[in-house]
Amino acid sequence: MPDNGWPAERIDTENAHSARIYDYILGGKDYYPADQEAGDAMSGEWPALPVHMRANRDFMNRAVRWLAEEAGMRQFLDIGTGIPTSPNLHEIAQAVAPESRVVYVDNDPIVLTLSQGLLASAPEGRTSYIEADFRDPAAILGAPELRETLDLGRPVALTVIAIVHFMLDADDAVGVVRRLLEPLPSGSYLAMSIGTAEFAPEEVGRVAREYAARNMPMRLRTLDEAHAFFEGLDLVEPGIVQVHKWHPDGTGERDIRDEDIAMYGAVARKA
């Protein structure tokens, strides 16, 4: 792979990383041999894994477009951004409303070094990047980049896509999401995708074991457990569903089998 100028002293190239595995499986270029080996092993255990990952990405695109078009959101806080893949969140939002403002958050040094692609905002809007751990809401909410980019007196769309399945019970994922939502005003939204093994337990279980073998244990959740993230919020129709069933736009969802998707998705409004 070409030299991307990444700070080698900060990047573990010997061990697979979830964001780089995702990038590899989706056909990206920002990964190392360990990520390729892991992605191949996981896809071997569950051949539908690329379909599942693409459906999750498509859900993010549709949810952001809905938030901008239908809910009128102009401010976004994206947690666990991952390696930039066009269209990025700000590109989707600013295609609807060029004045949209976006804060991206991740703690992967590769995402930081590639973040220039996340900062190419439309002139009318603004984007910024915070290097922080999702499990530390205080660091995110207290970051000057957030306060300089977003007006917390106006509604904000909080997006938490494909990350909480890497948070174990001790991490208190529900509590973390609630602490991030707490300072956001009425009219704000939460958009999430949440890993589950309810539709293909054996296959998804094998993939989870491959992740765990590489020091990336997973906590997959049931539908009831997914509901806990949205307690006290008003769910947008159709509620919590598999990601390919949330506001499908006819660009391929009809060909997706339920057993090929291991992610719930939903959008909800803070009253």
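The exercises below work through a predicted model of one protein chain.

Residues are numbered from 1 along each chain as its sequence is written, and side-chain values use heavy atoms, with hydrogens and water left out. Because the model is predicted, local features need pLDDT of at least 70 and side-chain atom pairs count only at pLDDT 80 or more, while totals for chains, interfaces and linings use all residues.

**Exercise 1. The whole chain**

State how many helices and strands the protein chain has, and how its radius of gyration compares with the globule rule.

Solution.
- Step 1: The chain holds 10 helices and 8 strands; helices (H or I, at least four residues) and strands (E, at least two) are DSSP runs, numbered from the N terminus.
- Step 2: The radius of gyration is 18 Å, close to the 18 Å that the globule rule gives for 271 residues, so the chain is as compact as a globular protein of that length. The radius is taken over C-alpha atoms, and the rule is 2.2 Å times the number of residues to the power 0.38.
- Step 3: The C-alpha trace spans about 45 × 40 × 40 Å along its principal axes.
- Step 4: Of the 271 residues, 53% are buried. Buried means under 20% relative accessible area, exposed over 50%, and partly exposed in between (1.4 Å probe, protein chains only).

**Exercise 2. Strands 1, 2 and 3**

Describe how strand 2 pairs with strand 1 and with strand 3.

Solution.
- Step 1: Strand 1 (residues 75-79) runs parallel to strand 2, and 5 bridges join them. Two strands pair if DSSP finds at least two bridges between them.
- Step 2: In this pairing, Leu-77 stands opposite Val-103 of strand 2.
- Step 3: Strand 2 also pairs with strand 3 (residues 126-131), in the parallel sense, over 6 bridges. Here Arg-101 faces Arg-126 of strand 3.
- Step 4: Strand 2 (residues 101-106) is mostly covered, with 5 of its 6 residues buried.

**Exercise 3. Helix 4**

Find the unit that helix 4 helps to make, and list what its buried residues pack against.

Solution.
- Step 1: Helix 4 (residues 89-96) makes a right-handed β-α-β unit with strand 1 and strand 2. Right-handed means that, with the strands pointing away from the viewer, the path from the first strand over the helix to the second runs clockwise.
- Step 2: Its buried residues are Leu-89, His-90, Ile-92, Ala-93 and Gln-94.
- Step 3: These pack against helix 3 (49-69), strand 1, strand 2, strand 3 and strand 4 (157-161); contact means heavy atoms within 4.5 Å.

**Exercise 4. Helix 3 and Asn-61**

Check the span of helix 3 and place Asn-61 in the structure.

Solution.
- Step 1: At 1.5 Å a residue, the 21 residues of helix 3 should span 30 Å, and the end C-alpha atoms are 30 Å apart, which agrees. The expected span is 1.5 Å times one less than the number of residues.
- Step 2: Since 15 of its 21 residues are buried, helix 3 is largely enclosed by the rest of the structure.
- Step 3: Asn-61 lies in helix 3 and is buried, at a relative accessible area of 13%.
- Step 4: Leaving aside residues up to four places away in sequence, Asn-61 touches Pro-87 and Ile-92.

**Exercise 5. Pro-185**

Locate Pro-185 and decide whether it is buried or exposed.

Solution.
- Step 1: Pro-185 sits in the loop between helix 8 (173-181) and strand 5 (189-195).
- Step 2: Its relative accessibility is 18%, so Pro-185 counts as buried.
- Step 3: Not counting residues up to four places away in sequence, Pro-185 touches Leu-152, Gly-153, Arg-154, Pro-155 and Lys-270.
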